Amino acid sequence: MFEEIGTTTEGDLIVNVGPQHPATHGVLHLVITLNGETIKKVEPHLGYIHRSIEKMCESLSYRQFIYVTSRMDYLSSHINNNACALCVEKGLQVEIPERAKVIRVLVDELTRIASHELWWGAMAMDLGAFTPFFHAFRERENINDIMEETCGARLTMNYIVPGGVMMDIHPNFQKRVKNFIALYKSKVDEYNEMLTGNIIFQNRMKGVGILSKEDAISFGCTGPVARGSGVSCDIRKLYPYEVYDKVQFDEITETGCDSLARYLVRLREINESVKIIEQLIDNIPEGDFQAKTKAVLKLPKGEFYQRVETARGEFGVYIVSEGGTTPYRIKFRSPGFSNLSALDHMARGSKLGDLVAMMGTLDLVIPDIDR
């Protein structure tokens, strides 16, 4: 037996996982200390895709910097853009049209579903189940097609602007969204049949990567990672923005505190996003899709902060303005950074083979962490 988890002793093995490794979902480098197959310590090494995004934003206008955030958590592109636009609008004290608010929420929730779909397929593939990956992409492709028809892009959208959205929705938007909802509802039972109810999958997930409620709060975890430990932290409920205070949906929490709990939260969250879309899709108000704003925006001198709920948790935008046309300072609070900080705590004492399951339920997007 080794002396203490986390203390390196003679005979320990140091293993490098990444930065080029499919299960890290990006250029994440983990230095793992092992005693046999038991994990004693996990040290994440970051910075392989750091692009100084926050510094770049200080030389971009308030219309331009928003779209750099699409390249951070590229699976929550719309939602990141929405947070930036809301922060700028807070500084300008601009009230955007109701039509724009509803469109924003619709594309945000479609983005959340698409992100969770990709996560579900990749999570299954990490654990050795290949088929779910294709099933997940079958539904996700429909969302990508809707996005492409609406704003011309499938991943980094650049659709939300200060004051509303860049252009009105496509005439086919409502019909295609309703068709997608019908398709998803007809396929959702396959997800549970293929993966959730699979005894091998359950054995790989139950009791693996324990993160207590207190520890989740201590590490600053948000999103499904925290809600899988029973933490109520959905920004859409706690600090409603856009029209989230006008729609009915549940905040999904689980008390299992393990990898299976985090898995179930994300799967159930898709159903809540579907519920939100169903309430709004036939009730998009008429009117303008964008408020009238000046071509060149100047925020008054001060500090402004806005938080939103992305597919991975709380994303925050903090702007310091000196009254000019560009931010004096800007800081992004990305959910992946805090969620990753809990990996070492979750992994210590576990077997190396369980590490992939833990990482999968953190749903890491590395450019979001490195920025």
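**Exercise 1. Count the salt bridges in this model, then place one of them in its helix.**

*Solution.* Let's start with the total: the count comes to 31 salt bridges, where a salt bridge is a side-chain nitrogen of Lys or Arg within 4 Å of a carboxyl oxygen of Asp or Glu. Keep in mind that the model is predicted: local features need pLDDT of at least 70, side-chain atom pairs count only at pLDDT 80 or more, and totals for chains, interfaces and linings use all residues. Residues are numbered from 1 along each chain as its sequence is written, and side-chain values use heavy atoms, with hydrogens and water left out.

Next, take one pair. Arginine 112 and glutamate 109 form a salt bridge through their side chains, at 3.1 Å from N to O. Because they lie 3 residues apart in helix H3 (residues 98–126), about one helical turn separates arginine 112 from glutamate 109. Helices (H or I, at least four residues) and strands (E, at least two) are DSSP runs, numbered from the N terminus.

**Exercise 2. Describe how helix H5 packs against H10 and against H3.**

*Solution.* Two packed helices are described by the angle between their axes and the distance between the axes. Axes are lines fitted to C-alpha atoms, for helices over the stretch in contact, and angles run from 0 to 180 degrees between N-to-C directions.

Step 1: H5 with H10. The axes of H5 (residues 173–196) and H10 (residues 259–280) come within 11 Å and cross at roughly 165 degrees. That makes H5 roughly antiparallel to H10 (under 35 degrees counts as roughly parallel, over 145 as roughly antiparallel, 65 to 115 as roughly perpendicular and the rest as oblique). Contact means heavy atoms within 4.5 Å; among the residues making it are Val177, Ile181 and Tyr184 of H5 and Leu264, Leu267 and Ile270 of H10. The residues of this contact of H5 with H10 divide into 12 nonpolar, 3 polar and 2 charged. Here Ala, Val, Leu, Ile, Met, Phe, Trp, Tyr, Cys and Pro count as nonpolar, Asp, Glu, Lys and Arg as charged, and the others, Gly among them, as polar.

Step 2: H3 with H5. These axes come within 13 Å and cross at roughly 25 degrees. H3 and H5 are therefore roughly parallel to each other. Residues of H3 including Leu106, Leu110 and Trp120 meet residues of H5 including Phe173, Phe180 and Met194. The contact of H3 with H5 divides into 13 nonpolar, no polar and 1 charged.

**Exercise 3. Work out the strand order and edges of the two sheets.**

*Solution.* Strands of a sheet pair through backbone hydrogen bonds, either parallel or antiparallel. Two strands pair if DSSP finds at least two bridges between them.

Step 1: In one open sheet, 3 strands follow the order E1-E2-E3 with antiparallel pairing. Its edge strands are E1 (13–17) and E3 (38–45), each pairing on one side only. Neighbouring strands of this sheet are turned by 20 degrees against each other on average, direction ignored. E1 and E2 (residues 29–35) share 5 bridges, and valine 15 has isoleucine 32 in E2 as its bridge partner.

Step 2: Another open sheet of 3 strands has the order E6-E7-E8, again with antiparallel pairing. E6 (302–310) and E8 (329–333) each have a single partner strand, so one side of each is left without a neighbour in the sheet. The twist averages 10 degrees from one strand to the next. E6 is joined to E7 (residues 313–321) by 9 bridges, and phenylalanine 304 stands opposite isoleucine 319 in E7. Finally, helix H2 (residues 77–92) packs on this sheet, touching E6, E7 and E8, and its direction makes about 150 degrees with that of E6.
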